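Q: I'm new to this one and would like a close look at a single part of it. Could you walk me through it slowly?

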Amino acid sequence: MIKLTFLFAFTFLSVSVFAQKGEWIELFNGNNLDGWKVSENPGSFTVEDGVIKVAGPRGHAFYVGPVGDHDFKNFELKVELKTMPKANSGIFIHTEYQDTCWPNVGYEIQVNQSHGDWRKTGSVYSFQDVREVYVEDGEWYTEHVIVEGSKITVKVNGQTINEYDESKDEKRGGDLGTKKLSSGTIALQAHDPESVIYYRSVKVKILD
């Protein structure tokens, strides 16, 4: 009986993981932040009318739920969001939970239309930056991040605005430190009390 129960559990887990590959899966349930762990200032993230509202002191909401065991390697991420004037945020990839400060692991994909930081939406922050602005504050838009091998592609409303290949970044040399592609979770950023951002969908597609 124990063997049968174990076999059933293993089969169920295998099927569940297999079913996740190649399908879009929503990581935000529209009701609360179950599956997410917020660092530093949890009050900076609330759910209002089915949308994540980010407003308050620095903090990061890390996905810690069951999809992909919150450890993504090659994947696509589609986020539907809206920034308010002078807002700054970011979407971290291949990162891991930490209690305080800016995440030390992985890359930040910038969210910023009108904040004073010149690095705008779609930047692979400080590694390959975008100066142009493709959407307006107050407008819902889609930021689509594709991670495959050594390459990060960022699209805004279906338009490719940034393609960064880590393996061809000659400025970095051999030691990439912790700011590199490996695998890890996703995190959303609360940047400062004056930055207000809304996230209504955070979907992932596991590629392998």
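Is Glu40 buried, partly exposed or exposed, and what is its relative accessible area? Please start there and then show me what is around it.

A: Keep in mind as you look that this is a predicted model. Glu40 is partly exposed, with a relative accessible area of 32%.

Now for its partner. Glu40 forms a salt bridge with Arg58, and the closest N and O atoms of the two are 2.7 Å apart. Glu40 sits in the loop between β2 (36-38) and β3 (45-48), while Arg58 sits in the loop between β4 (51-55) and β5 (59-63), so the pair ties together parts that are 18 residues apart in sequence. Arg58 also counts as partly exposed, at 22% relative accessibility.

Arg58 leads us on to another residue, Asp192. Asp192 is buried yet has no salt bridge. The nearest side chain of opposite charge is that of Arg58, and it is 10 Å away. A salt bridge needs the two atoms within 4 Å, so Arg58 doesn't pair with Asp192 in that way.

So what does Asp192 have around it? To find it, go to the loop between β12 (185-190) and β13 (196-206). Its side chain reaches the backbone nitrogen of Glu194 at 2.9 Å. There's also a polar contact of 2.8 Å between the side chains of Asp192 and Ser195. Leaving aside residues up to four places away in sequence, Asp192 touches Gly56, Asn88 and His115.

Back to salt bridges for a moment. A search of the whole structure finds five of them, and the Glu40 and Arg58 pair is one. Another joins the side chains of Arg119 and Asp129, at 2.9 Å from N to O. Both of these residues lie in the loop between β8 (107-112) and β9 (141-148), so this pair ties together parts that are ten residues apart in sequence. Asp129 counts as partly exposed, at 25% relative accessibility.

Then there's Arg172, which forms a salt bridge with Glu166, with the closest N and O atoms 3.9 Å apart. Here the partners are tucked away: Arg172 is buried, with a relative accessible area of 17%, and Glu166 counts as buried too, at 12%.

For a buried residue inside a strand, try Thr153. You'll find it in strand β10 (residues 151-156), and its relative accessible area is 10%, so it counts as buried. Not counting residues up to four places away in sequence, Thr153 touches His144, Val145, Ile146, Thr160, Asn162 and Glu163.

Finally, zoom out to see where all this sits. The protein chain has one helix and 13 strands, and from the N terminus on, the helix comes ahead of the strands. Of its 208 residues, 45% are buried. Take the contacts between residues at least 6 apart in sequence: 66% of them join residues at least 24 apart. The radius of gyration is 17 Å, which agrees with the value near 17 Å that a compact globule of 208 residues would have. Along the principal axes, the C-alpha atoms fill a box of roughly 65 × 45 × 35 Å. As for the outside, the accessible surface comes to about 10400 Å², and 53% of that belongs to carbon and sulfur atoms.

How values were computed
Residues are numbered from 1 along each chain as its sequence is written. This is a predicted model: local features need pLDDT of at least 70, side-chain atom pairs count only at pLDDT 80 or more; totals for chains, interfaces and linings use all residues. Side-chain values use heavy atoms; hydrogens and water are left out. Helices (H or I, at least four residues) and strands (E, at least two) are DSSP runs, numbered from the N terminus. Buried means under 20% relative accessible area, exposed over 50%, partly exposed in between (1.4 Å probe, protein chains only). Lys and Arg count as positive and Asp and Glu as negative; His and the chain ends are not counted. A polar contact is a pair of N or O atoms within 3.5 Å; within protein, one must be able to donate a hydrogen and the other to accept it, and residues adjacent in sequence count only if both atoms are side-chain atoms. Contact means heavy atoms within 4.5 Å. The radius of gyration is taken over C-alpha atoms; the globule rule is 2.2 Å times the number of residues to the power 0.38. Accessible areas come from the Shrake-Rupley method with a 1.4 Å probe; for residues, only the protein chains shown count as cover.
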